[in-house]
Amino acid sequence: MGKLIYNSSTRELDIDDRTLAHLRIAILNKLRRSESFAMTWEHGVENGSGRTTLWLNESIPLQFVFSGNRPPTLNRLWIEQLLLTANSTSGLHLVPEPAETEEFESD
């Protein structure tokens, strides 16, 4: 289980390493182009429900901490779908990982 740490907050988002690796690519692609955006995630029932939204900007420190030492094989389609959500008015949010054989739909 990896962690996404935003700014100097004591709040850390626990995310499995595979998902975190894909989010890392999508987030860094946006920030590399100096594109700020919102990211929202749901806490889940086990964490009291609710959701949190962060405003991600290249000037705010961001850490991706992985628990494993082996990077996963990346699913290009999943990264593209995450980037589509990041480019939407609702901002980046997790979408289920598609099979790599699925067709890419940009609607």
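**Overall dimensions**

I began with the radius of gyration of this predicted model. For 107 residues, a compact globule would come out near 13 Å, and the chain has 14 Å, which agrees. I then boxed the C-alpha atoms along the principal axes and got roughly 40 × 30 × 30 Å.

**Elements**

I counted 2 helices and 5 strands. Reading from the N terminus, I noted the order β-β-α-β-β-β-α.

**Contacts and surface**

I looked at contacts between residues at least 6 apart in sequence, and 54% of them join residues at least 24 apart. Burial came next: 36% of the 107 residues count as buried. About 6900 Å² of the chain is exposed, with carbon and sulfur atoms supplying 49% of that area. For charges, I tallied 10 positive and 15 negative side chains, and I found the centres of the two sets 7 Å apart.

**The core**

Which residues have the most contacts inside the largest nonpolar core? They are Ile27, Met39 and Leu92, in a core of 22 residues. I checked which elements give two or more residues to this core, and wrote down β1 (2–6), β2 (12–15), α1 (17–32), β3 (37–42), β4 (51–56) and α2 (76–86).

I followed Met39 further, setting aside its neighbours within four places in sequence. Its contacts include the other two residues of that trio, Ile27 and Leu92. The rest of my list for Met39 reads Leu4, Leu13, Leu23, Thr52, Thr53, Leu54 and Leu56.

**Phe37**

My next stop was Phe37, which sits in strand β3. Is Phe37 buried or exposed? Its relative accessibility is 3%, under the 20% cut-off, so Phe37 counts as buried. Not counting residues up to four places away in sequence, Phe37 touches Ile27, Lys30, Leu31, Leu54, Trp55, Leu56, Ala86 and Leu92. I also took one distance here: Phe37 and Ser90 are 53 residues apart in sequence, yet 9.1 Å apart in space from C-alpha to C-alpha.

**Helix α2**

How many residues of α2 are buried? I get 8 of its 11, so I have α2 down as mostly covered. The buried ones are Leu77, Trp78, Ile79, Gln81, Leu82, Leu83, Thr85 and Ala86. I looked for what covers them, and the answer includes α1 and β3. That ties in nicely with my Phe37 entry: Phe37 is in β3, and Ala86 is among the residues that Phe37 touches.

Technical notes:
Residues are numbered from 1 along each chain as its sequence is written. This is a predicted model: local features need pLDDT of at least 70, side-chain atom pairs count only at pLDDT 80 or more; totals for chains, interfaces and linings use all residues. Side-chain values use heavy atoms; hydrogens and water are left out. Helices (H or I, at least four residues) and strands (E, at least two) are DSSP runs, numbered from the N terminus. The radius of gyration is taken over C-alpha atoms; the globule rule is 2.2 Å times the number of residues to the power 0.38. Buried means under 20% relative accessible area, exposed over 50%, partly exposed in between (1.4 Å probe, protein chains only). Contact means heavy atoms within 4.5 Å. Accessible areas come from the Shrake-Rupley method with a 1.4 Å probe; for residues, only the protein chains shown count as cover. Lys and Arg count as positive and Asp and Glu as negative; His and the chain ends are not counted. The place of a charge is taken as NZ of Lys, CZ of Arg, CG of Asp or CD of Glu. A nonpolar core is a set of buried Ala, Val, Leu, Ile, Met, Phe, Trp, Tyr and Cys residues joined through side-chain atoms within 4.5 Å.
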